[in-house]
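Biologist: Thanks for sitting down with me. Could you take me through how the helices and strands pack here?

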Amino acid sequence: MADVHSVSVKIGDIDLVFETGRIAKQANGAIYAHYAGSAVIATVCCGDAPSEPIDYVPVSVEYNEKYYAAGKIPGGFLKRESRPKDKEILVSRLIDRPMRPLFDKAFGREIQIVPTVVSSDMSHTPDIVAINAASCAVTISDIPFYGPIAAVRVAKIGDEYVINPTFQQMPSASLDIVVAGTHDGITMVEGGAKEVSEDDMLGAIAAAQPVISRICEAQEEMRRICGKEKLPLMEIEEKDLSWLGPIKEYAYPLEKEASFVKGKMNRYAALENVHGDVKAKFADLIAEDEKRSGEVDKMFEDMEYNILRASILNDGVRTDGRKVTEIRPITCEVGVLPCTHGSALFTRGETQSLAVTTLGTVQDEQMFDTIDGEKSYSNFMLHYNFPPYSVGEVGRLTTGRREIGHGHLAQRALEAVVPKKEDFPYTIRVVSEIMESNGSSSMASVCGGCLSLMDAGVPIKKPVAGIAMGLITEGADYSRYVILSDILGEEDHLGDMDFKVAGTKDGITAFQMDIKIAGVTPEIMRKALNQAKEGRLHILSIMLDTLPAPRSEISELAPKILTLKVPEEKIGAVIGTGGKTIKSIAAQSSAEINIDDDGTVMIYGRNNAAAQEAKRLVLSIIEEPEVGKIYKGTVKRIVDFGAFIEILPGKEGLCHISKLARTRVKNVSDVLSVGQQVDVKLIEIDRMGRLNLSYIDAQPNAEKGESKEKKD
């Protein structure tokens, strides 16, 4: 195999090996990468010919995991890998985000990157191998690419930053992030944490950079050894755009005025009016060439880009009139929906999340069947929905990669404060319905989701808020820059960095950063994180003014889960012969009862009343009769001298005819009937252990000596 080439780079004690020339040789680029027992085949292909010039890169990433990689067969009826799992979609996004900006739009061909996990030792995470393999495949291919990029996972375990921790190490980490970048600097960070400080986050990113540089060097060596000659970019002819001069001169002041109209929809309408008026005024000039209309549209885009960036850099004024550190007006409402377990409406400017919390039982847990290990279960999930009406558009209601990614980020932000299952044995589902969107609906989901959890009575450790930050720079060395708090949609699109930070008052719980430029300095990142903390604390203060702490009780509409302990010698009595007793309790109470070998009883009631009734029935089985106590009993038999009444499961007593009324009773059946439920008082346990009951002494007016005999 003379055409097989490989290079390796040592990360810690393990070699990351890139190999090509043996597998998938018909692809434009293919890499077999392995790191310990985890291996990925990454391929890249492109279309045969360029399409018409477009203003985006038509690249798709399809990360996929094969069950055979871990020696497993897919669960379920179909024994074939089918639609991508959420984890595969999330990893595809991790690969796409740092790579997409490094493709040239002028290439004009569709690009597909397919990293496939073919071996997993269930110890070393394959997603990191896949990111590096994907970059290397493109780097050695004939597809133009301004890379390579590389990625590592960083965990903080104790006081040490660990590069590429194992699955076994990650549960003990206080911080777990994926960091990607180029030789020049970091371009993407994503991950979660357990209330770490801003310094801890910066330290983790700094620890990643030297390793990323070495992985990039290995890919460049691979390119020198066997890289293909790059395909040409589309020739973009130099156009004479001098005809645009008078249009620009006329349009600029109108565009500038419209760019600062208050309100997103009003601003869009004002800009559309300007564009329409300008095109109408210069209709004859534009009509001279069919391509001129598109060039005018491009002129408007460039004009808006330059106007807004210049205003922020020179005047510190944003498109909606805010200062650079100013947060939009925030309103919070809780308990907005009448029949849900918890709900909140969080509105920040023109972004609004309706967040709803639902509490379920262990049967509602989310099961995960992946190649990472055995099947696992999660009792907390957050789902994010972005309907088209949230931006005033018509479209299909779908769950795409964006929805899954935003939901995952918000879930990470909140799961650090959700109570452990053993402390709060409920399955918790939060749904964020985006009602309006103009910037950072994922962070609105964090804030609304937190309030809905508190409204549902979930005893979270601390409240969590999130904020989206932006960056505008000028100059090759970024000597001038402005950091923006709480960015709008336009600022996300026109800015140089978008990063989201969520956390409590004491630290960060989730972090996501995408940098569109190279070489963002540690100084900029430190300032941005500190500014984000100020914004986060401001938002938290408003949230806590609305609801200072979780409600002390869960909703009466929520399932009620009760736990109690019975003596081990009583377990058999609770279960009964063939489960007869425990099934009877479930039927009577409409609750589900599970009992463990150690006597722990878990009661799942559809509401509080059902759970409490089941608890009463269980306790009645293990309870010993107590003289002087009033019981609700069931009449089992009637005899001439009285009635036998069951006051506890399997425990009957006699209510003598003389204890039915203050006056003489001729027939027991005049007062009681079989099956009737009555209150009776246990007045004696004789030497034989027999129970003697009184009906009349259990009545509310018994002390007055009055009798009130009536059938239910």
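Biologist: Is the crossing of α8 and α9 right-handed or left-handed?

Modeller: The crossing of α8 and α9 is right-handed; that term applies if the near helix is turned clockwise from the far one, and left-handed if anticlockwise, by less than a right angle. Keep in mind that this is a predicted model, where local features need pLDDT of at least 70, side-chain atom pairs count only at pLDDT 80 or more, and totals for chains, interfaces and linings use all residues. Residues are numbered from 1 along each chain as its sequence is written, and side-chain values use heavy atoms, with hydrogens and water left out.

Biologist: Why is α8 called oblique to α9?

Modeller: Their axes cross at roughly 45 degrees. Angles under 35 degrees count as roughly parallel, over 145 as roughly antiparallel, 65 to 115 as roughly perpendicular and the rest as oblique, so α8 is oblique to α9.

Biologist: And what makes α1 and α8 roughly perpendicular?

Modeller: The axes of α1 (residues 86-99) and α8 (residues 401-415) cross at roughly 95 degrees, and therefore the two helices are roughly perpendicular to each other. Among the residues making the contact (heavy atoms within 4.5 Å) are Asp 86 and Ile 89 of α1 and Arg 401 and His 408 of α8.

Biologist: Lovely! Which are the edge strands of the sheet with the order β23-β25-β24?

Modeller: β23 (560-565) and β24 (591-595), as each pairs on one side only; two strands pair if DSSP finds at least two bridges between them. Six bridges join β23 to β25, and these strands run antiparallel.

Terms used. Axes fitted to C-alpha atoms, helices over the stretch in contact; angles between N-to-C directions. Helix = DSSP H or I, 4+ residues; strand = E, 2+ residues; numbered from the N terminus.
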